[in-house]
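Open the model in your viewer and keep the selection box handy. We will walk from enclosed spaces to strands, then to the cores and an open pocket.

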Amino acid sequence: MPNVNTIKLDDYRWLIPKRGNMKTEGLVFADDDMMAVIKQEASLQQVANVACLPGIVGRSMAMPDIHWGYGFPIGGVAAFDMDRGIVSPGGVGYDINCGVRLLRSDLEKADVEGLVPDLVNALFNNIPAGIGSCRKDLRLSKTQMEEVLQKGAQWAVSRGYGDKEDLDHMEERGCIPGGDPEFVSERAVKRGQGQLGTLGSGNHFVEVGFVEEVFDEKIARTLGLFKGQVTVFVHTGSRGLGHQVCDDYIRRLLKASGKFNIDLPDKQLCCAPVMSREGQQSLAAMACAANFAFCNRQIIAYWVQETFQEALQVGPGEMGFHLVYDICHNMAKIEKHRVDGKTRKLCVHRKGATRAFPPQSSLIPKDYRGVGQPILIPGDMGRYSYVLVGTQRALEETFGSSCHGAGRLLSRHKAKKAAKGRAIVRELEARGIYVRSASRATMAEEISEAYKDVASVVDVIHNAGLGKKIVKLKPLGVVKG
């Protein structure tokens with residue numbers, strides 16, 4: 001493994017100096033203990049590799065949940081000039097617009113105590129998971145699929161899955177502009193036809209929890225959050241459709257890299273100029289996959305609320321469910337940013353990283369503009385999660401970006417070895433967390449020890465000024481895909 005030199009700038013920032021073909025520096029957000037672990041794997045080299053790509057603007061960055069990924073590291077952030085820069089599938093990942101949605105309720109923890117096992121079992125039965133597992137009424141025709149790929153969550157709302165008000169609290173209002181089904185392969189569409197309204201496998205989940213701790217009462221109230229309140233996370237993405245779109249464009253952009261004489265430090269960073277035919281088609285297909293993911297989470301969230309009504313035998317008005325926010329963490333998007341005193345359009349890649357826009361941004365919901373955009377950072381199924389808000393410093397230093405989760409410490413293979421012979425479900429129940437999963441393998445892969453402690457990851461973001469801690473959430477029950 002190549003030795004990548006790092007220079008400690010402060011307690012939470014590490015610089016990777018320019019060397020070789022790097023066009024800019026690298027910047028990693030981590031504390032001392034995290035960096036000691038990060039240096040043992042290849043993700044720092046990936047940060048350096050991204051810095052070699054044409055048209056990069058600012059530094060190649062990585063968040064504290066950094067670990068090795070395909071092309072970019074997970075937790076990688078990089079922005080590229082529209083004229084000289086590139087778009088890369090390896091800067092987004094296979095699960096395009098994998099994202100997180102947080103629902104708040106008027107229910108309190110005491111309202112569901114003793115009912116969590118029944119509630120989790122009902123969610124497990126009502127929310128499909130796995131290949132070709134969607135409900136019969138959502139097995140869409142090709143024409144209907146094309147509408148989903150263009151309209152995103154708006155398609156679901158127009159068919160009664162939620163309310164128009166939900167769209168106000170979603171990144172891009174639940175629809176990335178520019179999605180064109182013409183550039184999505186028939187195979188990708190077919191893979192998606194049986195997966196709308198379904199949970200993915202691995203680290204995807206629906207989690208019932210509660211607000212355990214409030215760090216900022218005023219901002220928490222603005223977000224509609226209070227101590228003891230029941231919440232629900234939905235974490236899933238674009239399923240097989242997004243995977244196929246990524247796979248299709250990796251092959252296309254490998255050819256494009258040669259066509260445009262782009263010197264790749266790693267073939268997994270295959271790319272095309274943003275404004276080239278190949279680059280524009282890649283962005284159009286990616287937008288379609290992202291819109292599928294927004295629609296997917298919208299439908300699942302609707303079923304979550306239906307399930308609560310059935311399990312608790314109450315009406316929707318008594319539960320008071322509302323969407324706090326829905327945010328993506330695997331995307332390349334065209335955004336405007338101030339660089340050296342000038343506003344520029346950039347293609348911002350966030351892979352395993354999420355948007356973190358500050359107060360007064362016109363791109364966040366009006367009712368949040370006084371406090372900043374919610375940042376949703378789930379942890380592992382056995383510990384806790386956090387809600388933060390974006391800051392001006394994040395906008396200036398990271399193009400408005402933050403971490404997206406805890407970040408893996410163990411590979412799935414190593415996690416399975418660590419879980420061998422253990423009764424993971426019983427371990428979690430002993431800690432007051434009831435879990436159902438579509439497979440035993442998923443439970444083993446997703447043990448808490450497989451992840452960094454998200455509290456430490458969030459502390460880096462908070463102390464580095466990239467986000468402000470608002471509340472801590474604790475799980476009561478989890479459904480895994």
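Start with the largest cavity: by class, its lining has seven nonpolar, two polar and no charged residues. (Ala, Val, Leu, Ile, Met, Phe, Trp, Tyr, Cys and Pro count as nonpolar, Asp, Glu, Lys and Arg as charged, and the others, Gly among them, as polar.) Before going on, please note that this is a predicted model, in which local features need pLDDT of at least 70 and side-chain atom pairs count only at pLDDT 80 or more, while totals for chains, interfaces and linings use all residues. Residues are numbered from 1 along each chain as its sequence is written, and side-chain values use heavy atoms, with hydrogens and water left out.

**First stop: the cavities**

Select P89, V92, G93, I96, V245, C246, Y249, S282 and M286 to show the lining of the largest cavity. Two elements each give two or more residues to this lining: α10 (239-259) and α11 (277-312). The largest share, three residues, comes from α10. The volume here is about 60 Å³. A cavity is a set of points on a 1 Å grid over the protein atoms alone where a 1.4 Å probe fits but cannot get out, and lining residues have an atom within 4 Å of a point. Points are joined across faces, edges and corners, and the volume is the space filled by probe spheres set on them. Helices (H or I, at least four residues) and strands (E, at least two) are DSSP runs, numbered from the N terminus.

How many cavities of 30 Å³ or more does a search of the whole structure find? There are two. For the second largest, of about 40 Å³, select E171, C328, H329, M331, K333, R350, A353, T354 and R355. Here β12 (330-339) and β14 (353-355) each give two or more residues, and β14 gives the most, with three. This lining has three nonpolar, two polar and four charged residues.

**Second stop: the strands**

Stay with β12 and colour β13 (residues 342-351) beside it. The two run antiparallel, joined by 10 bridges; strands pair if DSSP finds at least two bridges between them. I334 has C347 in β13 as its bridge partner. Move to the turn of this hairpin, where two residues lie between the strands and D340 has a positive phi of about 50°.

Now add β5 (residues 74-81), which pairs with β13 in the antiparallel sense over six bridges. Look for G76 opposite K351 in β13.

**Third stop: the cores**

Next, select V28, M63, L223, L376, V387, F399 and V471, the residues with the most contacts inside the largest nonpolar core, which has 79 residues. Helix α17 (residues 454-463) gives the most to this core, with six residues. Such a core is a set of buried Ala, Val, Leu, Ile, Met, Phe, Trp, Tyr and Cys residues joined through side-chain atoms within 4.5 Å, where buried means under 20% relative accessible area (1.4 Å probe, protein chains only).

Zoom in on M63: leaving aside neighbours within four places in sequence, its contacts (heavy atoms within 4.5 Å) include F29, V77, A353 and I461. Another core, of 73 residues, lies apart from the largest one, with L123, M145, W155 and A285 among them.

**Last stop: a pocket**

Finally, select H337, R338, L395, E396 and F399, which lie nearest the centre of the second largest pocket among its 25 lining residues. A pocket is an open set of points with protein on both sides within 12 Å along at least five of seven lines. This one has a volume of about 470 Å³. Its lining divides into 10 nonpolar, eight polar and seven charged residues.

Technical notes:
Buried < 20%, exposed > 50% of the residue type's maximum accessible area, 1.4 Å probe, protein only.
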